[in-house]
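Let's take a walk through this protein one residue at a time, with stops at its open and enclosed spaces along the way. Keep the viewer handy and click along as you read.

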Amino acid sequence: MSKVLIIDDEEKLRTLLARILRLEGLEVHEAANLKAGDKLIEKEEPDVILCDVKLPDGNGIDFIKITRNKFPLAEIILLTAFGNIPDGIQAMKNGAFDYITKGDDNDRLIPLVNKALEKVELKKKVAGLEKQIAKKYNFDSIIGTSGSIKSAISLAKKVAATDTTVLLLGETGTGKEVFAQSIHNAGARGNKPFIAINCSAFSRELLESELFGHKAGAFTGAIKEKRGLIEEANGGTLFLDEIGEMSIDLQSKLLRVLETSDFIKIGDTKITKVNVRFIAATNRDLKTEINEGKFREDLFYRLNVFAIELPPLRERKEDIELLVKYFVELFSAKTNKTVRKIKDGAMEILKNAYWKGNIRELKNIIERTTILSDSETIEVSDLPLDIQPVNAINNPFDLNFIEKNHIQKVLQHTSNNKTETARLLNIGLTTLYRKMEEYNISK
């Protein structure tokens, strides 16, 4: 049941409002002054607060600002005696949901409270999602017991407690964004925005606009003013993935932000101040890029205050089995499958694969394999052929080996559609099933 608190020293009015709100099925609490109201807020955590402007022990307008800081999920509606416009304006600036005039706006009360409750419900959902994200991205959720990954986690935990700029190094797919989000969530900025952008996904002009924002009319198509991601991340963290792809001239603008904590939007003349922590990541060798004139040396030293190298998956083979079991369980649940086990032979193939795409590639393969599997166990034959060694099944010169491989390739091409596979192979469906049974190909 939603809770409403009324803070008003006029007992008759307070009782009337409480009666009206209780008839709507709301739980209502009453207080005659701010001190009593503050105690009830601590105890009951109301969703909506109706507060008078003039109270014996203080001003309701000032109370709004204090309460909003302490209880950000609650919404406050101000009760004014005379519909004072300056009071109403100041109340809205302090964070009030709205204000109503006592006696004159009783018809507005219920619709206004309902709207405020809707907003509170939305904020609670958002807060719940943020908690889920924070839980998902934390150091305990990083899977692995190898020395290299434990060393990286240890470094990340130490730097998370600071505001230091971090540079994450490593190949594509090693989990750099997971590390960045975990560092953010574990630090003092954990309840503030975490904004991520892949610098390789935009042209130079678009990336500048995305990062710094622009004023209306700054260039063709700039119809209205736009806040950049640096400004959106104010108070929190901005994660710059693939920083090595950023153009050299744009790097100089980023350097200024890192050094001065301010910037100028495209087409603007005034300075915008920000308080942002930066975490950058790259799979490039930035020292080589510096020597080739593709990356600014001064920016490198500003970013490289605290570098963490994330190991490729092939250098932490002891972690592959843990990752495979985690992904099998994850995708079995997501796809409503009953896959529970993986044959030793299949696991050995996964452990010994090169994994050029690292964890991302492993994750994608397990997802696909789980979807295509028709049993509780993943067999060698369920794995993509491109990660299987040539001698994993049979003599590569044997005709049966070639036929079996070809059938598996066509099955993968058709997403395990037997009818379509038989058509493409130009054989009957019965023949296909016979050959699948003969070659022990999973159905």
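Start with Glu75, which counts as buried at 1% relative accessibility. Keep in mind that this is a predicted model. Glu75 belongs to strand S6, which covers residues 75-80. What does Glu75 touch, leaving aside residues up to four places away in sequence? The list runs to Asp47, Val48, Ile49, Arg68, Phe97, Ala116, Lys119, Val120 and Lys123. You can also check its spacing to Lys115: the two are 40 residues apart in sequence, and their C-alpha atoms are 9.9 Å apart in space.

One of those contacts, Ile49, makes a good next stop. Ile49 is part of strand S3, and at 0% relative accessibility it counts as buried, because the cut-off for that label is under 20%. Beyond residues up to four places away in sequence, Ile49 touches Leu5, Ile7, Ile41, Thr67, Ala74, Glu75, Ile76 and Ile77. From Ile49 to Ala96 you travel 47 residues along the chain, while the C-alpha atoms are separated by 9.7 Å.

Now step back to the loop between helix H2 (34-44) and strand S3 (48-52), where you'll find Glu45. Glu45 has a positive phi of about 50 degrees, although it is not a glycine. Is Glu45 buried or exposed? With a relative accessible area of 56%, Glu45 is exposed.

Glu242 is worth looking at alongside Glu45. The phi of Glu242 is near 55 degrees, again a positive value in a residue other than glycine. Glu242 sits in the loop between strand S12 (237-241) and helix H10 (248-260). Glu242, though, counts as buried, at 10% relative accessibility. Put the pair together and you have a positive phi in an exposed loop residue, Glu45, and a positive phi in a buried loop residue, Glu242.

Another loop to visit is the one between H7 and strand S9 (194-198), which holds Arg189. Arg189 is buried as well, with a relative accessible area of 8%. What surrounds it? Not counting residues up to four places away in sequence, Arg189 touches Asp163, His184, Gly235, Gly236, Thr237, Asn275, Val276 and Arg277.

For a contrast, go to Glu309 in strand S16 (residues 306-309). Glu309 counts as exposed, at 54% relative accessibility. Its contacts, again leaving out residues up to four places away in sequence, are Ala152, Leu169 and Gly170. Glu309 and Gly170 are 139 residues apart in sequence, yet 5.8 Å apart in space, C-alpha to C-alpha.

Time to look at the spaces. The largest pocket has a volume of about 800 Å³. It is lined by 28 residues, and the closest to its centre are Tyr137, Gly175, Val178, Ile359 and Lys363. Which helices each supply at least two residues of this lining? They are helix H7 (176-186), helix H13 (320-334) and helix H15 (358-372). H13 gives the largest share, six residues. By character, the lining divides into 12 nonpolar, seven polar and nine charged residues.

Enclosed spaces turn up too: a search of the whole structure finds three cavities of 30 Å³ or more. The largest cavity has a volume of about 180 Å³. Its lining is made of 14 residues, with Leu372, Ser381, Asp382, Gln412 and Asn416 nearest its centre. H15 shows up again here, since H15 and helix H16 (399-413) each supply at least two residues of the cavity lining. This lining divides into five nonpolar, seven polar and two charged residues.

Finish with the rings. Five aromatic pairs come out of a search of the whole structure, and Tyr326, Phe327 and Phe331 form one aromatic cluster. Where does the charged end of Lys253 sit? You'll find it over the ring of Phe212, 4.4 Å from the ring's centre.

Methods. Residues are numbered from 1 along each chain as its sequence is written. This is a predicted model: local features need pLDDT of at least 70, side-chain atom pairs count only at pLDDT 80 or more; totals for chains, interfaces and linings use all residues. Side-chain values use heavy atoms; hydrogens and water are left out. Rings of Phe, Tyr and Trp (its six-membered ring) pair if their centres lie within 6.5 Å; planes under 30 degrees apart count as stacked, over 60 as edge-to-face and the rest as tilted. A charge sits over a ring if NZ of Lys or CZ of Arg is within 6 Å of the ring centre and within 35 degrees of the ring normal. On a 1 Å grid over the protein atoms alone, a cavity is a set of points where a 1.4 Å probe fits but cannot get out, and a pocket is an open set with protein on both sides within 12 Å along at least five of seven lines; lining residues have an atom within 4 Å of a point. Grid points are joined across faces, edges and corners, and a volume is the space filled by probe spheres set on the points. Helices (H or I, at least four residues) and strands (E, at least two) are DSSP runs, numbered from the N terminus. Ala, Val, Leu, Ile, Met, Phe, Trp, Tyr, Cys and Pro count as nonpolar, Asp, Glu, Lys and Arg as charged, and the others, Gly among them, as polar. Buried means under 20% relative accessible area, exposed over 50%, partly exposed in between (1.4 Å probe, protein chains only). Contact means heavy atoms within 4.5 Å.
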